[in-house]
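User: I'm new to reading protein structures and could use a walk-through. Can we go through one together?

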Amino acid sequence: MANSHETFEHLKSAGLADVDPDIAALLGRELDRQRGQIELIASENFTWPSVLEAVGSVATNKYAEGYPGKRYYGGCEVVDEIEEIARTRAKTLFGAEHANVQPHAGAQANMTVYFAVLKPGDRVLGLSLDHGGHLTHGLGVNFSGKLYEFHHYGVSRDTMRVDYDEVLAKAKEVKPKLIVCGGSAYPRTIEADKFREIADEVGAMLMTDMAHFSGLVAAGLHPNPVPYSDFVTSTVHKTLAGPRAGFVLCREEHAAAVDRALFPGMQGGPLEHTIAAKATAFKIAGTEAFRDYQGRVRANADALAAGLISSGLEVLTGGTDTHLVQLDLRHTEWTGLAAQERLDEVKLTVNRNTVPFDERPPMVASGVRIGTPAATMRGFDEADFGEVAAIIAGSLTDDADVTALRERSEALCAKRPLYPGFRGYTEYVA
C-alpha cells in the first residue's frame, strides 16, 4: 500500500507540516529567529497578518500575462479586479497619474523605467553606491552598469549630504538622459524638487527611487517626490510594510512605455497573489493607524541616533530624517563586519555598509546600517530604542559582557512579542 503522503487524494488536502516536515520545521525555526532577535536591518520589516494571508492565497494559481482587460489568458476577470484595485490605490496614495504594480521587486521596478526610456549606452547620473546609492544605480557588475553609461555624484566630505552644486556640475558635464535620486543608505531627505531643477537645466528626465522611504511619503512625513519626478519606483516591503515586491509610478505620458517595458519587455505572468497583498498594503498605508506607525518609526530613529551619539559613537550626518541610521566606525577599532558579527551575538540583526569615502572593501566596510521599521512594528518605543542604543554601544567594546547584553535584548523581545496570535509552524510537525 502506498504511503499516504504519496497519494493524490491525501496531497489535495494535506498541510505543509504533513507533506514536508523538513520545510515546516525550518519555517518554524525562522519564525523563532524573528521572534527571538531584534530586527534592525533598515530594508526589512514585519508585514501585517492580512498581507501574509493574501500572499498565501489562491491567486497564486492564476496565470495573467498582460494587464487588466488585456490578458493573454482566460479566466482573469477576478484578478483583473484585484490588480485594478491595487493600481488605483497606489495612484491615490501617492497622487500619481499612472501605476504599474507588476514588478516582482525593486530592482525590476528600476529596470522597467530604464527599459522604458533608455537605449543601451545612454548616459545616466545617479548616487554612487559607496555614498548610499543602490546596485541598480549603475554598479558595474549589475545590469544597470553593464547596459548603460552610468556616472555618479556623491556627498560632501564635510557634511556627508548630497552636494547639489556638485550634482549640477556633474550633470552639465555628463548631459545624462536620466537622473536618478534616492538610495539605500542615505539617512537624509531626498529633495526631488532640487533634482527636478537640475534635470530641467540639462534637459534630463528624473527618476526617484523611494524604495526605502515610501512609507514615510505615504504618511506625509517625507516630501512626496511624485510631483517632481517623471518616474518614481519603490519596493513595498520596507517602510510600506507590505509584501516583498515593487511598483512604478509615472506621468501619464510615460504610461504606455512603462507598461510595455515590463510586459512583454522583461516579465511574463505577474504574481497576482502578491499584487493582492500589495492592494491590501496600499489600503492600510492610507489609514490613520499607518500614519501613527510611521510617526513612531521616525521618533524611534531619532531616539536611536541620539542614544548612539550620547554613548560616544559617530552617526553619519549627525542624525537622520528617515527610518535609517548609519554608524560610522572609521574612528574606532571596529570594522563594519566585526560590528555586525558582534551585534549578532547579542541578538541584534544589522548589516555592515560602506560609508562615504570608505577605504575598506564593501564586504568589510566601515559602517553599520540600522533601521527602525521592524522593531517599531513589534511595538518598540523611544525608551526601548534608547536601550537598543545602549546595547549597541556596550557591545562595541573589548570587554563587552556578551551574555548580559544578549539577555537585555531577549528581555526586549519578551516585552514586545512578534505575531503573538500566530501558532507557528513547528507545532504542526509530528
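User: At roughly what angle do the axes of helix α13 and helix α16 cross?

Analyst: One heads-up before we start: this is a predicted model. Now the general idea: two packed helices are described by the angle between their axes and the distance between the axes. Here, α13 (residues 288–310) and α16 (residues 382–395) cross at roughly 35°, and their axes come within 8 Å. The crossing of α13 past α16 is right-handed.

User: Which residues of α13 and α16 meet there?

Analyst: From α13 you have Ala299, Asn300, Ala303, Leu304, Gly307 and Leu308, and they meet Glu382, Phe385, Val388, Ala389 and Ile392 of α16. Sort that contact by class and you get 8 nonpolar, 2 polar and 1 charged residues.

User: Let me try another pair. How do the axes of helix α5 and helix α12 cross?

Analyst: Read this pair with the angle and the distance again. Helix α5 (residues 77–94) and helix α12 (residues 272–285) have axes that come within 8 Å and cross at roughly 35°. This time the handedness is left: α5 passes α12 in a left-handed crossing. On the α5 side, the contact residues include Val79, Ile82, Ile85 and Leu93. On the α12 side, they include Ile275, Ala279, Phe282 and Lys283. By class, the contact of α5 with α12 divides into 11 nonpolar, 1 polar and 4 charged residues.

User: On to sheets. What is the strand order in the open sheet of 7 strands?

Analyst: To read a sheet, follow the strands from one edge across to the other. This one goes β4-β10-β9-β8-β7-β5-β6, and its pairing is mixed. The edge strands are β4 (98–100) and β6 (149–153), each pairing on one side only. From one strand to the next, the twist averages 20°.

User: How many bridges join β4 to strand β10?

Analyst: There are 3 bridges, and β4 and β10 (residues 246–250) run antiparallel. You can find one of the partnerships yourself: Asn100 has Val248 in β10 as its bridge partner. Helix α11 (residues 255–262) packs on this sheet, touching β4, β9 (231–235) and β10. The direction of α11 makes about 5° with that of β4.

User: And in the open sheet of 4 strands, why is one side of β11 and of β14 left without a neighbour?

Analyst: Start with the order, β11-β12-β15-β14, where the pairing is antiparallel. β11 (314–315) and β14 (351–353) stand at the edges with a single partner strand each, so one side of each has no neighbour in the sheet. For β11, 2 bridges make the antiparallel pairing with β12 (residues 324–328). Within it, Val315 has Leu327 of β12 as its bridge partner. Look for helix α14 (residues 336–345) too: α14 lies across β14 and β15 (367–371), running at about 165° to β14.

User: Now zoom out. Into which domains is the protein divided?

Analyst: Domain 1 covers 51–284 and domain 2 covers 287–413. Their C-alpha centres lie 27 Å apart. Where the two domains meet, 27 residues of domain 1 are in contact with 26 residues of domain 2.

User: About how much area do domain 1 and domain 2 bury between them?

Analyst: The size of an interface is often given as the accessible area lost when the parts come together. In this case the two domains bury about 2,300 Å² between them, with 61% of it on carbon and sulfur atoms. Three residues to click on are Met160, Pro187 and Arg188: they supply 27% of the area that domain 1 buries against domain 2, more than any other three residues.

Technical notes:
Residues numbered from 1 in each chain as written. Predicted model: local features only at pLDDT ≥ 70, side-chain atom pairs only at ≥ 80, totals over all residues. Heavy atoms only, no water. Axes fitted to C-alpha atoms, helices over the stretch in contact; angles between N-to-C directions. Left-handed = near helix turned anticlockwise from the far one by under 90°. Contact = heavy atoms within 4.5 Å. Nonpolar A, V, L, I, M, F, W, Y, C, P; charged D, E, K, R; others polar. Pairing = 2+ DSSP bridges. Domains from an automatic or database assignment. Buried area = accessible area lost by both parts, 1.4 Å probe.
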